[in-house]
Amino acid sequence: MKYLFNYLKAIATVNLDETVGNLTKKTMLKSLSNNRKKIYLSSFACLFYILAQDIKPSWAEGSKQLVADGGDRPYLEWLDPNAYTTAGIVRQNKLKVYVETGETVYLGSSVFNANNNLVDPDIIYRSPFNGQNGNCNVLKVANVVNGDFGHIDTIDKEKLGPAPLAAGGYNPCSFVATETGIYEVEFRSARPLTNPRGDVNPPPISATSQFATNEEQRGGIAAWDVTVAKNGVAQPGRLFTNYIALNLGNNGRSLKSKLYIQTKDGYRYQTDMNGVDPFGFLFFANSRGFIDQNNNSTLYRSANSPANSLSTLDFSGNVRVQRPDIADTTTDITHLVFFNRPATATLNALGIPLTPITPPIPSNFIFTGGTGGSGNQTYIGVGGKFSFNVGSSGSYQIIIDTNNDGIFDPSLDRVLQNPMLSGFNVVSWDGKDAAGVNLQPLPNNAAYSAQITTRVGEYHFPLLDAENNPSGFRITMENPPAAFPPLKDLNNNNIGASTIYYNDSNYSTKNGTTTVEVKLDGTGATNPRNAARGINSASGKHEFSQDYGDYKGIDTWTYFPSQAVITPLVITTDKQANVKGTKSVRFSIDNDGAGTVNVGDSVEYTITYSNLTPDGNTNAINFIINDTLPSQLTFVSAAITSATSGNNITLNPSYSGSGALTNSGTLRVGDTITMKITAKINNANGGNPISNQANANFTTADSAGTVGTVYTDADSAGASSNPPTVGNSFAQTADDGTNIGNDPSKTNDDDPTLLTVSTVVPNPPKLVLVKRITRINNQDLTNNVNGSSAVAITAANYVAAPRDVDDDDPKWPANYLRGMINAGNVKPGDDLEYTIYFLSSGQSNANNVKLCDLIPANTTFISTAFNGLSPNDGVSGADQGIALAVGATNPTVYFSNAADSDRATFYPANSPTTPSFCPNSNTNGAIAVEITRATVFPNIPPASSSGTPTSSYGFVRFRVKVK
């Protein structure tokens with residue numbers, strides 16, 4: 001049947017697609033028209049504003065942005081990599097710029113003829129595929145206006161940018177891009193080689209003062225520019241870098257640059273340096289800041305270097321900075337530094353989403369006690385595991401409210417935080433509070449609360465060796481994806497787009513087995529010292545002075561958090577339920593007798609829960625077993641098969657395959673209860689394992705307000721194979737490597753129970769359909785047509801169908817298929833008879849066979865086609881328009897068209913009662929025939945050879961009149 005249905009459905013789909021296509025075109029044209037109007041209006045408004053204000057546009061992208069807000073001039077550094085590094089990072093700038101084929105790139109520098117020769121170029125560029133690598137030797141031409149080549153020698157030229165775009169600008173080096181992608185640009189200083197340290201530091205000057213344009217710039221470049229233009233129009237937001245090495249020439253200066261940080265998950269931050277005094281420094285941004293090398297965890301605090309040296313990776317002996325010159329990993333991500341807000345084209349080229357990714361809300365956030373624990377209870381000093389699921393990566397923060405004041409304060413309470421990956425995550429806790437002291441039980445064993453939030457767009461700004469910061473930083477998230485969740489900062493204000501975080505408190509860490517005390521004290525230390533709960537930076541925060549940042553790594557961070565999720569945990573001294581659960585499954589009934597597990601067969605689950613000594617010494621009360629069967633199984637029955645004498649847990653009589661399997665009861669110390677669930681397989685799941693797991697919820701007498709959860713672990717129950725033979729259990733995986741909430745340190749306590757079903761159907765049935773025109777008006781067509789001769793005897797435009805081979809099935813009776821595939825020319829008023837032949841050509845009986853055929857377009861169903869003919873399948877006196885024949889020995893049966901007790905019905909066009917098994921919509925009428933019926937013709941047996949048995953084949957017939 002499916003072959004005929006597919007053919008008819010394909011025709012309907014083509015017609016539907018054509019209609020939808022026309023509608024789509026109209027909508028698109030309308031949208032383009034509206035957008036075009038908006039573009040014209042915007043362009044006119046912008047042009048009017050420029051003319052009215054007499055503003056001279058400037059196009060530069062580079063040092064112009066770094067000095068735009070005043071303060072002192074930061075020089076771009078290019079120093080000897082063998083002599084000048086910070087934390088191992090070379091103090092050289094490798095800038096990146098997105099360019100499209102045909103666009104022009106303009107380059108300029110305040111340094112000319114580096115090292116007084118033409119061998120070492122002043123500007124070097126590299127194309128994405130190295131097919132357009134090049135360089136520029138900047139020239140200074142005396143006494144000629146704009147005669148310089150690529151030379152930026154005045155503040156005005158720096159502001160205006162390249163002369164081709166702005167009159168009065170500098171005369172640039174330039175090239176037209178032949179490749180689309182990310183180009184690299186390097187600006188070389190006048191003294192890049194090793195020199196005494198004082199000799200490479202450039203002369204300090206204010207941002208508004210004329211800068212040096214000769215070797216006095218030393219190891220820096222005062223002014224520089226990379227401008228991309230398309231059709232004579234500058235394209236800002238194309239220039240970026242992984243890090244930028246800058247030098248103000250001395251201390252006592254003020255950096256007021258604004259830079260834009262673009263995270264790779266779509267968040268954009270404006271970072272206002274706001275007057276920091278860093279001397280020479282690196283500016284970069286990443287996802288982790290400083291990392292504790294003991295356990296590769298994010299430090300989430302500032303770091304010190306007791307050796308007063310930043311030339312290595314180590315601070316305090318065991319901390320490293322996440323370096324911007326090393327490739328990203330799944331957890332360590334370097335963000336991008338832009339000089340203008342990033343252009344859409346740049347973000348698209350980099351694969352960065354234009355809309356920030358929202359943080360996933362954790363699900364299944366639970367605490368599971370450690371050794372001897374059960375559910376969310378644990379002994380003093382033992383701790384346990386937090387676990388949760390998330391749909392995407394980022395970072396998490398778990399705060400245990402250890403002072404039990406109802407406030408989750410990372411500056412006071414115990415904090416667990418680190419990167420997270422999409423999927424299941426497990427976090428260990430040692431049972432201690434923020435001071436490293438074992439957390440004690442609350443009165444009456446009340447529960448502590450733990451809160452989790454996830455974070456995306458996490459941006460750390462690790463500033464190395466920045467001595468003074470008198471006004472603090474201003475960091476603003478410019479594109480939050482939604483309203484911030486209702487979390488409070490340390491001043492009890494709502495967190496928001498300007499919230500930043502830092503922690504400059506002293507702390508202890510481990511270097512191997514040795515405890516290391518890290519002191520961050522100093523004159524002018526930050527106030528507050530610990531802003532890990534958050535503080536508004538709109539007016540500038542994280543300020544320090546008097547060389548406080550000397551040889552320190554100062555970390556400031558921010559992010560967009562998720563909504564908070566809370567779970568309870570209980571600390572106990574002696575009261576502990578020891579609830580354990582197992583679950584096995586066996587192949588119980590082989591309904592088809594195939595000897596293998598197939599759809600239609602039955603399985604039986606066995607669930608056992610216990611609360612045994614010596615670990616268990618208190619009852620598990622309000623105890624409920626829950627089990628939701630997977631969709632591939634249909635529930636049949638459930639029962640408690642054994643229980644310890646006196647146990648009061650009973651079967652939930654309303655259970656039908658999901659939810660609570662038992663009523664609430666008590667699993668006493670020493671109790672065991674076993675239940676069985678029988679189910680029938682309804683889907684093979686593509687041969688993939690069908691997974692199921694039960695869980696039990698309960699409380700204890702000394703922590704009645706806290707619910708623990710224990711999942712079942714897969715039990716093979718003596719099985720030796722998967723799938724098993726009938727009556728035996730399925731073998732299970734001892735540890736699948738994924739933990740869902742029980743103790744992750746154990747391999748046998750939380751694995752799901754699996755079963756597999758064969759996708760090979762034993763002795764599958766098969767029904768072959770062939771449709772013919774067997775009568776025109778009063779003339780029966782006796783032609784015998786099969787697949788191999790069809791083309792020769794029909795019209796020239798006949799195209800062979802994929803199922804033509806069905807005509808040639810050797811199990812058809814000889815000369816049984818008669819009629820034509822193509823009737824040729826017909827005219828209005830002609831009567832046509834359609835016959836749909838069927839053949840059971842599989843290996844087993846075809847059961848529950850129903851056929852539906854739509855009346856062809858431009859024809860009308862003849863409701864009286866077989867009036868007066870008999871037998872009538874038990875109904876007489878009604879219009880008869882549908883015929884059914886089975887084999888050669890059974891008479892043809894004629895059915896009424898009405899929806900009565902016989903096996904066939906005609907449904908008029910658009911009838912709401914048209915059966916769901918009919919293909920597509922009923923727009924011209926349909927016939928539906930119940931070929932098999934238990935009391936008349938229960939099944940169609942498979943044909944063993946041509947025409948044998950006679951009940952293995954037959955036909956359905958009806959007639960129409962051509963309109």
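The legends below walk through several views of this predicted model.

**Figure 1. The whole protein chain is a good place to start.**
Welcome to a predicted model of a protein chain with 963 residues, 51% of which are buried. The secondary structure of the protein chain comprises 6 helices and 59 strands. Among contacts with a separation of 6 or more, 74% are between residues 24 or more positions apart. The protein chain has an accessible surface of about 40,500 Å², and carbon and sulfur atoms hold 51% of that surface.

**Figure 2. Cys136 and Cys173 are joined by a disulfide.**
A disulfide is a covalent bond between the sulfur atoms of two cysteines. Here the S to S distance between Cys136 and Cys173 is 1.7 Å. Look for Cys136 in strand S7 (residues 134-136) and for Cys173 in strand S8 (residues 173-176); the pair therefore ties together parts that are 37 residues apart in sequence. Both Cys136 and Cys173 are buried.

**Figure 3. A disulfide also links Cys852 with Cys918.**
In this view, the two sulfur atoms of Cys852 and Cys918 sit 2.0 Å from each other. The link between Cys852 and Cys918 is right-handed, with 95° about the S-S bond. Cys852 belongs to strand S52 (residues 850-854), while Cys918 is found in the loop between strand S56 (904-907) and strand S57 (926-930), so this pair ties together parts that are 66 residues apart in sequence. Cys852 has a relative accessible area of 0%, and Cys918 has one of 8%. Because buried means under 20% relative accessible area, Cys852 counts as buried, and so does Cys918.

**Figure 4. The two disulfides can be placed together along the chain.**
The count for the model comes to 2 disulfides. With the bonded cysteines of the protein chain numbered in sequence order, the pairing reads 1-2, 3-4.

**Figure 5. Three strands make an open sheet.**
Follow the strands in the order S23-S25-S28, and you will trace an open sheet with antiparallel pairing. Strand S23 (363-369) and strand S28 (423-429) are the edge strands, each pairing on one side only. From one strand to the next, the twist averages 15°.

**Figure 6. Here is a closer look at how S25 and S28 pair.**
Strand S25 (residues 384-390) and S28 run antiparallel and are joined by 7 bridges. To find your way along this pairing, try starting at Asn389, whose bridge partner in S28 is Phe424.

Conventions. Residues numbered from 1 in each chain as written. Predicted model: local features only at pLDDT ≥ 70, side-chain atom pairs only at ≥ 80, totals over all residues. Heavy atoms only, no water. Disulfide = S-S within 2.5 Å. Helix = DSSP H or I, 4+ residues; strand = E, 2+ residues; numbered from the N terminus. Buried < 20%, exposed > 50% of the residue type's maximum accessible area, 1.4 Å probe, protein only. Contact = heavy atoms within 4.5 Å. Areas by Shrake-Rupley, 256 points an atom, 1.4 Å probe, with all protein chains shown as cover. Pairing = 2+ DSSP bridges. Axes fitted to C-alpha atoms, helices over the stretch in contact; angles between N-to-C directions.
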